[in-house]
Amino acid sequence: MRFGGVETGGTKMVCAVGNEEGIILDKIVIPTGMPDETMKHVFDWFRDKKIQSIGLACFGPLDLCRSSKTYGCIMDTPKEGWAYYNIVKTAEETLHIPVGFDT
């Protein structure tokens with residue numbers, strides 16, 4: 001199996017593909033810009049990687065409560081353009097695979 005991972009940061013997104021043995025098979029660093037543009041680059045990179053799921057480690061604050069209306073959102077962050085961006089919903093709708101989400 002192949003899994004995707006993204007560490008979001010204020011200046012860059014580190015994206016990786018690994019296997020169940022914890023071996024990193026491929027990775028890329030994408031500069032963090034505005035959310036729609038940045039995440040398009042991130043998800044485009046993963047499209048042909050044949051991953052079964054993806055984990056998102058995000059800068060915050062985050063809404064991690066699954067029963068909340070804003071679950072999956074980067075909340076009131078000072079990072080321009082990212083406040084209330086629903087990164088989980090965007091990933092699910094774009095990649096059509098299970099998404100893990102944490103800080």
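**Exercise 1. Find the partners of Asp44.** Which residues form salt bridges with Asp44 in this predicted model, and how far apart are the closest N and O atoms?

*Solution.*
Step 1. Start with Arg47: Asp44 forms a salt bridge with this residue, and the closest N and O atoms are 3.1 Å apart.
Step 2. Now look at Lys40. Asp44 makes a salt bridge here too, with 2.6 Å between the closest N and O atoms.
Step 3. Check where the Lys40 pair sits. Asp44 and Lys40 are 4 residues apart in helix α1, so about one helical turn separates them.
Step 4. Add the surroundings. Asp44 has 30% relative accessibility, so it counts as partly exposed. Lys40 comes out at 51%, and because exposed means over 50%, Lys40 counts as exposed.

**Exercise 2. Follow a salt bridge across the chain.** Which parts of the chain does the pair Asp26 and Lys49 link?

*Solution.*
Step 1. Get the contact itself: the side chains of Asp26 and Lys49 meet in a salt bridge, at 3.2 Å from N to O.
Step 2. Place both ends. Asp26 belongs to strand β3 (residues 24-31), while Lys49 is in the loop between α1 (35-46) and β4 (53-57). With their positions 23 residues apart, the pair links distant parts of the chain.
Step 3. Are the two ends buried or exposed, or something in between? Asp26 has 29% relative accessibility, so it is partly exposed. Lys49 has 12%, and since buried means under 20%, Lys49 counts as buried.
Step 4. Widen the view. Asp48 joins in as well: Asp26, Asp48 and Lys49 are linked in a network of salt bridges. The count for the model comes to 4 salt bridges.

**Exercise 3. Explore the neighbourhood of Thr8.** What is Thr8 in contact with, once you leave aside its neighbours within four places in sequence?

*Solution.*
Step 1. Locate the residue: Thr8 lies in strand β1, which covers residues 2-8.
Step 2. Check its accessibility. Thr8 has a relative accessible area of 4%, so it is buried.
Step 3. List the contacts: they are Met13, Ala57, Cys58, Phe59 and Ile87.
Step 4. Pick out Ala57 and compare sequence with space. Thr8 and Ala57 are 49 residues apart in sequence, yet their C-alpha atoms are 6.1 Å apart.

**Exercise 4. Hunt for unusual backbone geometry.** Where is there a cis peptide bond, and what are the phi values of Lys50 and Tyr84?

*Solution.*
Step 1. Remember the usual picture: most residues other than glycine have a negative phi, and most peptide bonds are trans.
Step 2. Find the cis bond. It joins Gly60 and Pro61, with omega at about 10°. Pro61 is in the loop between β4 and β5 (73-74).
Step 3. Turn to Lys50. Its phi is near 55°, a positive value in a residue that isn't glycine. Lys50 sits in the loop between α1 and β4, and with a relative accessible area of 65% it is exposed.
Step 4. Do the same for Tyr84. Here phi is positive again, at about 65°, although the residue is not a glycine. You'll find Tyr84 in the loop between β5 and β6 (85-86), and at 47% relative accessibility it counts as partly exposed.

**Exercise 5. Step back to the whole chain.** How many helices and strands does the protein chain have, and why does its radius of gyration agree with a compact globule?

*Solution.*
Step 1. Count the elements: there are 2 helices and 7 strands. From the N terminus on, they run β-β-β-α-β-β-β-α-β.
Step 2. Test the shape. For 103 residues, a compact globule would have a radius of gyration near 13 Å, and the chain has 13 Å, so the two agree.
Step 3. Box it in. Along the principal axes, the C-alpha atoms fill roughly 35 × 30 × 20 Å.
Step 4. Look inside and out. Buried residues make up 42% of the 103 residues. The accessible surface is about 5900 Å², with 54% of it belonging to carbon and sulfur atoms.
Step 5. Consider the contacts between residues at least 6 apart in sequence: 49% of them join residues at least 24 apart.
Step 6. Finish with charge. The chain carries 11 positive and 14 negative side chains, and the centres of the two sets lie 3 Å apart.

Definitions and conventions
Residues are numbered from 1 along each chain as its sequence is written. This is a predicted model: local features need pLDDT of at least 70, side-chain atom pairs count only at pLDDT 80 or more; totals for chains, interfaces and linings use all residues. Side-chain values use heavy atoms; hydrogens and water are left out. The radius of gyration is taken over C-alpha atoms; the globule rule is 2.2 Å times the number of residues to the power 0.38. Buried means under 20% relative accessible area, exposed over 50%, partly exposed in between (1.4 Å probe, protein chains only). Contact means heavy atoms within 4.5 Å. Accessible areas come from the Shrake-Rupley method with a 1.4 Å probe; for residues, only the protein chains shown count as cover. Lys and Arg count as positive and Asp and Glu as negative; His and the chain ends are not counted. The place of a charge is taken as NZ of Lys, CZ of Arg, CG of Asp or CD of Glu.
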